[in-house]
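User: I'm new to reading protein models. Could you walk me through a few features?

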Amino acid sequence: MTMALKTYWTFVIILITTGRSFADDDNHEMEEFLKREHSLSKPYQGVGSSSSSHWELMGDAMVTTEQVRLTTDMQSKQGAVWSRIPCHLRDWELQVHFKIHGQGKKNLNGDGLAIWYTKERMKKGPVFGNQDLFTGLGVFVDTYPNEEKHLEAQKTRYTTRTQRIFPFVLAMVGNGSISYDHERDGRPTELGGCNAMVRNLNHDTFIFIRYVRRRLTIMIDIDGQHEWRDCLDIPGVRLPQGYYFGASAVTGDLSDNHDVISLKLYQLTVLRSETEEKEEEDEITLPSVDNMDLLKMGENEEGWSSIAMFFTILFSMLGCFLLIVVGLIVYSHWNENRRKRFY
């Protein structure tokens, strides 16, 4: 073997064993390592019903040479793919390559796709094909505006501050007792989100989910420019270890093809200070979000802004009317007393 060839293979081995080094937004040095036992990619040899497979299909999901199709573009379908191996990583990053496409026109398609990191697995239900009252993290690509259609039927409208453009990506953390509100598109329990025009595109679409130092970051790459765009960034998210990754989708009266091309999980090795280590030494046993009350407070302020404005204007008008009435009464008494002085 020549020296050049030896050098080449040494470089390859270093890449495989050490991974890639980089820094996050807070300048914390970290390395990433692909975890193949938690990843799903072509040719999908690890998908099957045998006990030796790493991934398992549920419902109407099927494997092709190009993707794992969770649902076909037909009504009343639901399917999922779930990892068999629980993830015990402290910090991780999941890159999801997916595709949503179908014959339906805009807002005549549904219902969407979900990425999961939950305690439960292989449970059918109403939340994008998975069970409600789940324990863990759900990231949803919601393609149908249920609440907007409901409001339109009642001849009411969103305010410009609260109206959304669908498809919409949002995240939710459940503790086993929090229900996903399907009729309101998950607004009461969401951590945040962003619009994402992902249907019927001719280029690849990706979602990036990073969980580092109890911080949840979600970005999307949907414009075909190979650039990540911020979607949400929430500190104080507490997710236990030992949960399962999965993906699910559902169709109702409206439909779409929901495809997963790959799920690639990376272990992140993060350098922490002694203070950070001490802050995170307590074991997390139940999913939670530290600042959820503040998030909901901001949402309520936004949701009530139009109502508050209406009552402000109403009471201002009533106040002006009352002042005018009082002024007329005072003037009437003054004018009457003035006339009496002339007799």
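User: Which residue forms a salt bridge with Arg 238?

Analyst: Before that, a word on what you're looking at. This is a predicted model, where local features need pLDDT of at least 70, side-chain atom pairs count only at pLDDT 80 or more, and totals for chains, interfaces and linings use all residues. Residues are numbered from 1 along each chain as its sequence is written, and side-chain values use heavy atoms, with hydrogens and water left out.

Now the idea: side chains of opposite charge can pair when their charged atoms come close. The cut-off for a salt bridge is a side-chain nitrogen of Lys or Arg within 4 Å of a carboxyl oxygen of Asp or Glu. Here, Arg 238 pairs with Asp 290, and their closest N and O atoms are 2.8 Å apart. The two sit in distant parts of the chain, 52 residues apart: Arg 238 is in strand 17, Asp 290 in the loop between strand 20 and helix 4. Helices (H or I, at least four residues) and strands (E, at least two) are DSSP runs, numbered from the N terminus.

User: How many salt bridges does a search of the whole structure find?

Analyst: It finds 17. Take Glu 277 and Arg 90, with 3.3 Å between the closest N and O atoms. Asp 91 and Arg 272 also meet, at 2.8 Å from N to O. Asp 91 lies in the loop between strand 6 and strand 7 and Arg 272 in the loop between strand 19 and helix 3, so this pair ties together parts 181 residues apart in sequence.

User: Is Asp 91 buried or exposed?

Analyst: Check its relative accessible area: buried is under 20%, exposed is over 50%, and partly exposed is in between (1.4 Å probe, protein chains only). Asp 91 has 4%, so it counts as buried. Its partner Arg 272 is buried too, with 15%. Arg 238, on the other hand, is partly exposed at 27%.

User: What does the largest nonpolar core look like, and how many residues does it have?

Analyst: A nonpolar core is a set of buried Ala, Val, Leu, Ile, Met, Phe, Trp, Tyr and Cys residues joined through side-chain atoms within 4.5 Å. The largest one has 51 residues, and Trp 92, Leu 137 and Ile 209 have the most contacts inside it. Strand 7 (residues 92-101) gives the most to this core, with 5 residues. Another core, of 15 residues, lies apart from it, and Trp 116 and Phe 134 are among its members.

User: Okay, what about odd backbone shapes? Which residues does a cis peptide bond join, with omega about 5 degrees?

Analyst: Most residues other than glycine have a negative phi, and most peptide bonds are trans. In this model, a cis bond joins Lys 42 and Pro 43. Pro 43 is in the loop between strand 2 and strand 3, and so is Tyr 44. Tyr 44 has a positive phi, near 60 degrees, and counts as buried at 4% relative accessibility. A second cis bond runs from Gly 110 to Asp 111, with omega near 0 degrees.

User: Where is Arg 213, and what is its phi?

Analyst: Arg 213 is in the loop between strand 14 and strand 15, and its phi is positive, about 50 degrees. The side chain of Glu 276 makes a polar contact with the side chain of Arg 213, at 2.7 Å. A polar contact is a pair of N or O atoms within 3.5 Å; within protein, one must be able to donate a hydrogen and the other to accept it, and residues adjacent in sequence count only if both atoms are side-chain atoms.
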